[in-house]
Amino acid sequence: MAFAAFATAEAQPQAPKKRSRIALFLLLPGILYLVLFFLTPLISLVLTSLQAPREFGDIGQYDYAFNWQNYAAVVEQYLPHILRSFGYALAATVFALVFSYPLAYFIGVKARRRPLLQSLMLVLVIAPFFISFLLRTLAWKQILSDESFIITSLKALSLMAPDAHFTGTPFAVIFGLTYNFIPFMTLPLYSSLERLDTRYLEAGSDLYAKPFTVFRKITVPLSMPGIVAGTLLTFIPAAGDYINASRDFLGGPDTQMMGNVIEANFLVLQNYPAAAALSIILMTVILVIVGVYVKRSGTEDLL
């Protein structure tokens with residue numbers, strides 16, 4: 001009996017080790033996937049951003065080096081595009097939040113007692129995903145072109161100047177970004193507001209708080225995780241977007257964003273170090289902005 005008890009006591013500390021090995025084995029495919037498809041391309045991108053032109057080489061031929069001047073050169077050359085990208089992304093995020101919050105509130109709170117209506121409106125929110133991003137943006141280009149019924153009607157009513165254009169302007173680009181990323185804002189807001197306990201709102205009204213005060217003091221704080229998630233899901237892809245600002249869609253020569261510059265350097269100019277350096281700068285700035293935003297909003301658990 002004593003020997004059996006001693007053997008059991010010796011075997012017990014080995015159980016956690018065995019479970020940790022099993023957990024590590026189960027995590028191994030995911031770790032290998034991240035290393036292969038995320039870490040390896042990231043390292044390659046960093047190395048590419050430091051390349052130097054090959055001596056006596058043709059266009060697009062570079063050698064690996066530690067040419068840190070590439071970063072200073074692209075910032076100096078493309079600073080307007082960098083500022084424009086984050087300005088457009090910020091404006092589109094704000095507009096998406098303004099438009100999406102009432103919609104998400106109606107679906108998540110007001111339509112709770114009508115499941116059929118709630119489901120129908122959710123389908124309408126995600127319906128644009130059934131159509132290609134490119135086709136949706138191209139459709140808006142046709143709708144807002146100078147020959148379209150909307151623009152000709154606005155000019156006929158003297159609401160637009162006869163020689164004015166909508167496409168190719170910053171407003172058109174921000175409009176396209178807002179439209180295309182509204183579902184990314186609405187769905188997290190709906191997920192947060194759908195779990196909102198309406199008894200808190202009733203308690204605020206019973207304490208003679210005005211509707212705006214109830215909204216500001218109760219509804220917004222309780223829906224803050226949805227606001228943070230929605231703004232991140234909207235701002236991050238909008239800052240790197242290269243479709244809406246393209247002159248082939250809603251943009252023009254003066255509306256180019258970082259995505260368009262990166263695309264041109266990679267595919268047209270074959271300036272791979274500049275394109276890679278811009279990509280690294282874009283990722284770094286986004287990470288800094290996201291970290292500060294999440295920290296200031298008090299939702300660090302989302303990181």
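**Exercise 1. Helix 3 against helix 12**

Is the crossing of helix 3 and helix 12 left-handed or right-handed? Work this out in the predicted model, then describe the angle and the residues that make the contact.

*Solution.* Let us start with the geometry.

- Step 1: helix 3 covers residues 69–110 and helix 12 covers residues 272–297. Their axes come within 10 Å and cross at roughly 55°.
- Step 2: that angle is why helix 3 counts as oblique to helix 12.
- Step 3: the handedness of this crossing is right-handed.
- Step 4: on the side of helix 3, the contact uses Asn70, Tyr71, Val74, Val75, Tyr78, Ile82 and Phe86. Helix 12 answers with Pro273, Ala274, Ala277, Leu278, Ile280, Ile281, Leu282, Val285, Ile286 and Ile289.
- Step 5: sorted by class, the contact holds 16 nonpolar residues, one polar residue and no charged ones.

**Exercise 2. Helix 3 against helix 4**

Find the angle and axis distance at which helix 3 and helix 4 pack, and list the residues in contact.

*Solution.* The same kind of reading works here.

- Step 1: helix 4 spans residues 115–126. Helix 3 packs on helix 4 at an angle of about 150°, and their axes are 9 Å apart.
- Step 2: the crossing of this pair is left-handed.
- Step 3: Leu103, Phe106, Ile107 and Gly108 of helix 3 touch Leu117, Gln118, Met121, Leu122 and Val125 of helix 4.
- Step 4: the class count for this contact is seven nonpolar, two polar and no charged residues.

**Exercise 3. Helix 8 against helix 9**

Decide how helix 8 and helix 9 are oriented, and name the residues that meet.

*Solution.* Take the angle before the side chains.

- Step 1: the two helices pack at about 165°, with 10 Å between their axes.
- Step 2: because of that angle, helix 8 is roughly antiparallel to helix 9.
- Step 3: helix 8 and helix 9 cross in a right-handed sense.
- Step 4: helix 8 brings Tyr200, Leu201, Gly204 and Ser205, while helix 9 brings Val214, Ile218, Thr219 and Leu222.
- Step 5: five of these contact residues are nonpolar, three are polar and none is charged.

**Exercise 4. The largest pocket**

Characterise the largest pocket by volume, lining and residue class.

*Solution.* Begin with the space itself.

- Step 1: the largest pocket encloses about 310 Å³.
- Step 2: its lining consists of 13 residues, and those closest to the centre are Tyr105, Val109, Lys110, Thr198 and Leu201.
- Step 3: helix 3, helix 8 (198–206) and helix 9 (211–222) each give at least two residues to this lining.
- Step 4: the lining divides into six nonpolar, three polar and four charged residues.

**Exercise 5. The second largest pocket**

Now do the same for the second largest pocket, and find which helix supplies the largest share of its lining.

*Solution.* Follow the helices one after another.

- Step 1: the volume of the second largest pocket is about 220 Å³.
- Step 2: its lining is made of Phe86, Gly87, Leu90, Thr93, Val94, Thr231, Leu232, Phe235, Ile289, Val290 and Tyr293.
- Step 3: two or more of these residues come from each of helix 3, helix 10 (224–239) and helix 12.
- Step 4: helix 3 gives the largest share, five residues.
- Step 5: eight lining residues are nonpolar, three are polar and none is charged.

**Exercise 6. Arg84**

Place Arg84 in its helix and list its contacts beyond its sequence neighbours.

*Solution.* A short one to finish.

- Step 1: Arg84 belongs to helix 3.
- Step 2: setting aside neighbours within four places in sequence, Arg84 touches Asp254, Thr255 and Gln256.
- Step 3: Leu134 is 50 residues from Arg84 along the chain, and their C-alpha atoms are 22 Å apart.

Definitions and conventions:
Residues numbered from 1 in each chain as written. Predicted model: local features only at pLDDT ≥ 70, side-chain atom pairs only at ≥ 80, totals over all residues. Heavy atoms only, no water. Axes fitted to C-alpha atoms, helices over the stretch in contact; angles between N-to-C directions. Helix = DSSP H or I, 4+ residues; strand = E, 2+ residues; numbered from the N terminus. Parallel < 35°, antiparallel > 145°, perpendicular 65-115°, else oblique. Left-handed = near helix turned anticlockwise from the far one by under 90°. Contact = heavy atoms within 4.5 Å. Nonpolar A, V, L, I, M, F, W, Y, C, P; charged D, E, K, R; others polar. 1 Å grid on protein atoms, 1.4 Å probe; cavity = no way out; pocket = protein on both sides within 12 Å on 5 of 7 lines; lining within 4 Å. Points joined across faces, edges and corners; volume = space filled by probe spheres on them.
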